[in-house]
Amino acid sequence: QVQLVESGGDLAQAGGSLRLSCAASGRILSINTMGWYRQASGKQRELVAEISRGGNTNLADSVKGRFTISRDNAKKTMALQMNNLKPEDTAVYYCSADVVVASSWNRNKYWGQGTQVTVSS
């Protein structure tokens with residue numbers, strides 16, 4: 001019913017930048033909070049950044065000042081601009097969206113398939 005597709009993951013050097021994108025499609029009536037999570041090898045998935053429909057943002061302390069989250073409600077897209085990357089940013093990054101599904105009006109949280117970000121020192 002709802003699909004989230006991430007793109008932009010890549011190999012980067014420490015101090016470099018990457019931009020992740022997430023596009024939502026399907027039977028979407030509305031999207032509330034959208035977010036980026038990451039999961040490093042052997043660790044639990046953690047919140048990186050989230051943004052409300054109105055544009056309020058919440059960033060993990062570890063990425064404040066380096067990452068910026070944004071969204072385009074009309075296009076149903078979200079982006080994560082990552083600057084000054086560090087090796088500890090290496091992880092699989094997942095897009096999430098709190099979606100109200102058209103026709104059913106059910107509200108569910110959906111996840112993308114993940115995109116790998118690797119930062120070399």
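Along strand β11 the side chains alternate, with T115, V117 and V119 pointing to one face and buried, while Q116, T118 and S120 point to the other face and are not buried. Here buried means under 20% relative accessible area, exposed means over 50%, and partly exposed lies in between, with a 1.4 Å probe and protein chains only. Strands (E, at least two residues) and helices (H or I, at least four residues) are DSSP runs, numbered from the N terminus.

This is a predicted model, in which local features need pLDDT of at least 70 and side-chain atom pairs count only at pLDDT 80 or more, whereas totals for chains, interfaces and linings use all residues. Residues are numbered from 1 along each chain as its sequence is written, and side-chain values use heavy atoms, with hydrogens and water left out.

## The chain as a whole

The chain has 0 helices and 11 strands, and its pattern along the sequence reads β-β-β-β-β-β-β-β-β-β-β. Its radius of gyration is 14 Å, close to the 14 Å that the globule rule gives for 121 residues, so the chain is as compact as a globular protein of that length. That radius is taken over C-alpha atoms, and the globule rule is 2.2 Å times the number of residues to the power 0.38. Taken along the principal axes, the C-alpha atoms fill a box of roughly 50 × 25 × 20 Å.

Buried residues account for 40% of the 121 residues in the chain. Among contacts (heavy atoms within 4.5 Å) between residues at least 6 apart in sequence, 57% join residues at least 24 apart. The accessible surface comes to about 6300 Å², and 44% of this surface belongs to carbon and sulfur atoms; such areas come from the Shrake-Rupley method with a 1.4 Å probe, and for residues only the protein chains shown count as cover.

## How the strands pair

Two strands are said to pair if DSSP finds at least two bridges between them. The table lists some of the pairings, each with a residue and its partner.

| Strands | Bridges | Direction | Residue and partner |
|---|---|---|---|
| β4 and β9 | 9 bridges | antiparallel | Q39 and V92 |
| β4 and β5 | 5 bridges | antiparallel | W36 and A49 |
| β2 and β11 | 3 bridges | parallel | A12 and V119 |
| β9 and β11 | 3 bridges | antiparallel | A91 and V117 |

Strand β2 covers residues 11-13. The hairpin of β4 and β5 has 6 residues between the strands, and in this hairpin G42 takes a positive phi near 80 degrees.

## The nonpolar core

A nonpolar core is a set of buried Ala, Val, Leu, Ile, Met, Phe, Trp, Tyr and Cys residues joined through side-chain atoms within 4.5 Å. The largest one has 32 residues, of which W36, F67, L80, M82 and Y93 touch the most other members. Two or more residues of this core come from each of β1 (2-7), β3 (18-26), β4 (28-39), β5 (46-51), β7 (67-72), β8 (77-82), β9 (91-101) and β11 (115-120), and β9 gives the most, with 6 residues. With its neighbours within four places in sequence left aside, M82 is in contact with G16, S17, L18, L20, R66, F67, Y93 and V117.

## The disulfide

A disulfide is a covalent bond between the sulfur atoms of two cysteines. The structure holds 1 disulfide, counted where a pair of cysteine sulfur atoms lies within 2.5 Å. This disulfide joins C22 to C95, with an S to S distance of 1.9 Å, and it links distant parts of the chain, since C22 is in strand β3 and C95 is in strand β9, 73 residues apart. With -60 degrees about the S-S bond, the link of C22 and C95 is left-handed, and both C22 and C95 are buried.

## Two further buried positions

V2 is placed in strand β1 and is buried, with a relative accessible area of 11%. Although V2 and Y110 are 108 residues apart in sequence, their C-alpha atoms are 7.4 Å apart in space. Beyond its neighbours within four places in sequence, V2 is in contact with S25, G26, R27, I28, V99, V101 and Y110.

S52 lies in the loop between β5 and β6 (57-59) and is buried, with a relative accessible area of 18%. Not counting residues up to four places away in sequence, S52 touches N32, T33 and R71.
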